[in-house]
Amino acid sequence: YTVVDQYSDALSGFSATVFDKGGVKYLAIRGTDPDNWGTFIDLIADIGVFEGLNGQQQYQELQLFFQSLLSSGIIQASNLYVTGHSLGGLLAQMLAVDQAGQIAQTMTFNAPGVGGIGAEILQSVGILPVDIPLSSVINVYAEPGLSATAGLGVMIGSTQGIYIEANLDPLHNHSAETLTDSLAVYNLLAQLAPNLDNDPNALSTITGILKASSNVVAN
């Protein structure tokens, strides 16, 4: 991967990077940066997500950055993929709705949905759907265990659970590092058994292997 462009906004805490691999562009939106908690920048954004404000200031910066990438020709609709972890994943979901014709696929990791805790309450009484269908959006989340934000609110697109060795620390379970480690094992096992590509139960098969080999008792 080659870095093509990068933008950070100190006031809102927003940060995103564009990568290129073989002519395909990837827009990666950064999630919460613990270093910004010292200045309360990302903490304020995270509290806003919990309350249903959906990271509005950071999303405004994302929209400006996205439009500049389009106008400069750095990204094109046919070969753009968007991704983000946690808060970055929520911003990626929102962008997928606003720019549906410009993005080939969006994949998020341990991301919350829109609406925050208010949406959770409305869901519980059947006022809102569990998710907003958008076939180009896939939300990957770690399971089991408590997460800091994953799944909070109304998810945009589909969801896919990935097994991790959970512990009692929700930040460990929510960490991109924890999820990435597990995804690497999934990928390795898929390469060792390439016939899994055509198996509709491939994910559950690999999950079963990981659960059986884990030193943490899996449910």
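**Exercise 1. How much surface does the protein expose, and what share of it do carbon and sulfur atoms supply?**

Before starting, note that this is a predicted model, where local features need pLDDT of at least 70, side-chain atom pairs count only at pLDDT 80 or more, and totals for chains, interfaces and linings use all residues. Residues are numbered from 1 along each chain as its sequence is written, and side-chain values use heavy atoms, leaving out hydrogens and water.

*Solution.* Step one: take the accessible area, computed by the Shrake-Rupley method with a 1.4 Å probe, where for residues only the protein chains shown count as cover. The protein exposes about 11,300 Å². Step two: split by atom type; carbon and sulfur atoms supply 59% of that area.

**Exercise 2. Find the residues that touch the most other members of the largest nonpolar core.**

*Solution.* Step one: collect buried residues (under 20% relative accessible area; exposed is over 50%, partly exposed in between; 1.4 Å probe, protein chains only). Of the 219 residues, 38% count as buried. Step two: join buried Ala, Val, Leu, Ile, Met, Phe, Trp, Tyr and Cys residues through side-chain atoms within 4.5 Å, which gives nonpolar cores. The largest has 23 residues, and Leu27, Ile29, Leu62, Val82 and Leu95 touch the most other members. Step three: place this core on the elements. Helices (H or I, at least four residues) and strands (E, at least two) are DSSP runs, numbered from the N terminus. At least two residues each come from β2 (15-21), β3 (24-29), α2 (56-72), β4 (80-85) and α3 (87-98), and α3 gives the most, with six. Apart from this core lies another, of 13 residues, with Ile162 and Leu196 among them.

**Exercise 3. Describe the lining of the second largest pocket.**

*Solution.* Step one: define the pocket on a 1 Å grid over the protein atoms alone, as an open set of points where a 1.4 Å probe fits, with protein on both sides within 12 Å along at least five of seven lines; lining residues have an atom within 4 Å of a point. Step two: count the lining, which has 16 residues, with Tyr186, Asn187, Ala190, Leu203 and Ile206 nearest the pocket's centre. Step three: assign elements. β5 (105-109), β9 (158-163), α6 (176-192) and α7 (202-213) give two or more residues, and α6 has the largest share, four residues.

**Exercise 4. Is Thr180 buried, exposed or partly exposed?**

*Solution.* Step one: locate Thr180 in helix α6. Step two: apply the cut-offs; Thr180 counts as partly exposed because its relative accessibility is 47%.
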